[in-house]
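Please walk me through this structure as questions and answers. Keep the answers short.

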Amino acid sequence: MESSGMDGKLKKLLEKHHLKLQVLLLKIMSYLVQRVNCFQRLPPCSPISWKESFSVIIGGDEVRLGKPSPEIFLEVAKRLNVDPSSCLVIEDSLPGVTAGRAAGMEVVAVPSIPKQPHLYTLADEVINSLLDLRPEKWGLPPFQDWIKDTLPLEPWHIGGPVVKGFGRGSKVLGIPTANLSTEGYGSLLSEHPSGVYFGWAGLSKRGVFKMVMSIGWNPYFNNTEKTIEPWLLHNFDEDFYGEELRLIIVGYIRPEANFSSLQSLIEKIHHDRKVAEEALDLPLFSKYKDDPYLKSST
Ligand code: ADP
Ligand code: RBF
Ligand code: MG
C-alpha cells in the first residue's frame with residue numbers, strides 16, 4: 001500500500017486511541033515512528049501534538065543500513081533504554097518484518113497487499129488491519145474502546161440502488177444480502193479494511209432497519225472483487241432490487257475469515273447478527289437511526 005493510505009488509517013487510529021497508544025509507544029511501533037514526519041504535516045487533531053506522543057523519533061537517515069537490516073530497531077531500543085526482546089514492532093512491509101525479527105523483537109504484520117498474508121510467515125502474527133490490533137496479546141494494556149464485542153467507528157455513509165449479487169447468500173446460506181454497487185466508492189473502500197461491520201439501513205419505501213454486513217472478498221467463496229453485502233435484520237416478503245438503499249456504518253465486529261465448512265460460516269454470521277442487534281440498542285449507536293441520510297429518496 002502506498003504510504004498515504006496507511007497514514008490515513010494511522011491518523012484515525014491515533015485519533016481514537018491516542019492516550020492508550022502512548023503506552024504502546026513506550027515500546028516500539030516502528031511504522032508510527034517512520035511516519036511521524038507525515039503526521040506533522042497534518043492539521044493537529046488533538047490537544048497533544050503527534051510529536052509529543054512519541055518518546056523516540058528516528059529517521060532512516062540516522063542509521064547506516066536500511067531495512068531489512070535490524071539497525072533502526074536496535075537503535076530505537078537503545079534510545080528507549082529497553083531490551084529488544086520486550087519490543088513490539090508493527091510493520092506493513094516485508095523488509096520491515098524481516099528487520100524487526102532480526103532485531104529480536106516481536107512483530108505484528110499488517111500486510112499492505114491484500115490477500116497475501118502467507119508472505120509474512122516471519123511475523124509473530126498477521127492481522128488484516130489496525131482494527132484487529134490487540135495490545136493485550138503482547139503484554140500491553142488493552143484498547144478500552146471495544147463495547148459489547150464491537151469497535152465504535154466514526155460513522156460512514158454509502159448509498160445506491162440494490163444490485164444483483166451472486167444469488168448465493170439466500171439460497172446457500174439463508175442469509176440474503178442486498179448488494180450495493182462499489183462504483184464511486186473506490187476511495188471509501190480502500191480507506192476501510194475488509195471485515196464485518198454493522199449499522200443502519202434505510203430503504204425509502206420501507207423504513208429503517210438494523211444491518212450487519214461484510215465488506216471484502218468473502219474468502220470462503222474466494223471472490224475476486226471486493227463486495228458490499230449488507231444483511232438487513234428484518235424479514236421481507238419480497239426482493240427489492242433497484243430500490244435506493246442507504247447505509248450508515250457505525251461499528252466494526254471482526255475481520256473476514258475463511259471457514260472449514262458452510263455450517264461454521266453460517267453460525268458465525270448468525271453470531272455477528274446477535275452482536276450487531278444488541279450493540280445497535282446502545283444509545284451510542286441507536287442515535288443514528290433517525291439520520292436524514294437514511295430517508296433520502298433520490
Ligand atoms: P444473495 O445475497 O442471495 O447472494 P443477491 O444479492 O442477488 O443474492 O440477492 C439478495 C436479495 O434479497 C437482495 O438484493 C434483496 O432484494 C433481497 N432481500 C430479501 N430480504 C433481505 C434482507 N433481509 N436483507 C438483504 N436483502 C434481502
Ligand atoms: N464470507 C466469508 O467468506 N467470510 C466471512 O467471514 C463472512 N462474514 C460475513 C458476515 C456477514 C455479517 C455477512 C452478511 C456475510 C459474511 N460473509 C462472509 C459473506 C457471505 O459469504 C456472503 O453473504 C455470500 O458470499 C453471499 O454472496
Ligand atoms: Mg447479496
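The questions below go through the two sheets, the two ligand shells and two backbone details of this predicted model.

Q: What is the strand order of the open sheet of five strands?
A: The pairing in this open sheet is antiparallel. Its edge strands, β4 and β7, each pair on one side only. From one edge to the other, the order is β4-β8-β5-β6-β7.

Q: By how many degrees are neighbouring strands of this sheet turned against each other on average?
A: The sheet in question is the open one with the order β4-β8-β5-β6-β7. The angle ignores strand direction. On average, the turn between neighbours is 30°.

Q: How many bridges join β6 to β7?
A: These two strands run antiparallel. In this pair, Met211 stands opposite Leu232 of β7. The number of bridges joining β6 to β7 is six.

Q: At about what angle does α8 run to β8?
A: Helix α8 covers residues 262-279. It lies across β5, β6, β7 and β8. Relative to β8 (244-254), α8 runs at about 100°.

Q: Which element gives the most residues to the shell around ligand 2?
A: The shell has 20 residues. The elements that give two or more of them are β6 (207-216), β7 (227-232) and α8. With three residues, the top contributor is α8.

Q: Which residue puts a backbone N or O atom 2.8 Å from a nitrogen atom of ligand 2?
A: Two side chains reach oxygen atoms of this ligand. Glu229 has a side-chain N or O atom 3.1 Å from one, and Arg254 has a polar side-chain atom 2.9 Å from one. The nitrogen atom is instead approached by the backbone of Ala257.

Q: How much of the accessible area of ligand 2 does the protein cover?
A: The closest residues to this ligand are Arg168, Tyr220, Phe221, Arg254 and Ala257. On its own, ligand 2 has 540 Å² of accessible area. The covered share is 99%.

Q: How many residues of the shell around ligand 2 are charged?
A: By class, the shell holds eleven nonpolar residues. Four more are polar. The charged residues number five.

Q: Which residue has a side-chain N or O atom 2.8 Å from an oxygen atom of ligand 1?
A: Two backbone approaches can be set aside. A polar backbone atom of Pro176 lies 3.5 Å from a nitrogen atom of ligand 1. A backbone N or O atom of Thr177 lies 2.8 Å from an oxygen atom of the ligand. The side chain asked for belongs to Tyr241.

Q: What share of the accessible area of ligand 1 is covered by the protein?
A: Around ligand 1 there are 20 residues, and Gly165, Arg168, Gly169, Ser170 and Tyr241 come nearest. Alone, the ligand has 560 Å² of accessible area. The protein covers 95%.

Q: Which element gives the most to the shell around ligand 1?
A: Elements that give two or more residues are α6 (169-173) and β7. The whole shell has ten nonpolar, seven polar and three charged residues. With three residues, the top contributor is β7.

Q: What is the order of the open sheet of three strands?
A: Its pairing is parallel. The edge strands are β1 (88-91) and β3 (125-126), and each pairs on one side only. That gives the order β1-β2-β3.

Q: Which residue in β2 does Glu91 stand opposite?
A: β1 and β2 (106-109) pair in the parallel sense. Four bridges hold this pairing. Opposite Glu91 stands Ala109.

Q: Which helix packs on this sheet, touching β1 and β2?
A: The helix spans residues 94-102. Its direction makes about 165° with that of β2. The helix is α5.

Q: Is the peptide bond from Lys67 to Pro68 cis or trans?
A: Pro68 lies in the loop between α3 (36-41) and α4 (71-80). Omega for the bond is near 15°. The bond is cis.

Q: What is the approximate phi of Lys148?
A: Lys148 is found in the loop between β3 and β4 (151-161). The residue is not a glycine, yet its phi is positive. The value is about 50°.

Methods:
Residues numbered from 1 in each chain as written. Chains lettered and ligands numbered in written order. Predicted model: local features only at pLDDT ≥ 70, side-chain atom pairs only at ≥ 80, totals over all residues. Heavy atoms only, no water. Pairing = 2+ DSSP bridges. Contact = heavy atoms within 4.5 Å. Axes fitted to C-alpha atoms, helices over the stretch in contact; angles between N-to-C directions. Near = heavy atom within 4 Å. Polar contact = N/O pair within 3.5 Å; in protein donor to acceptor, adjacent residues only side chain to side chain. Areas by Shrake-Rupley, 256 points an atom, 1.4 Å probe, with all protein chains shown as cover. Nonpolar A, V, L, I, M, F, W, Y, C, P; charged D, E, K, R; others polar.
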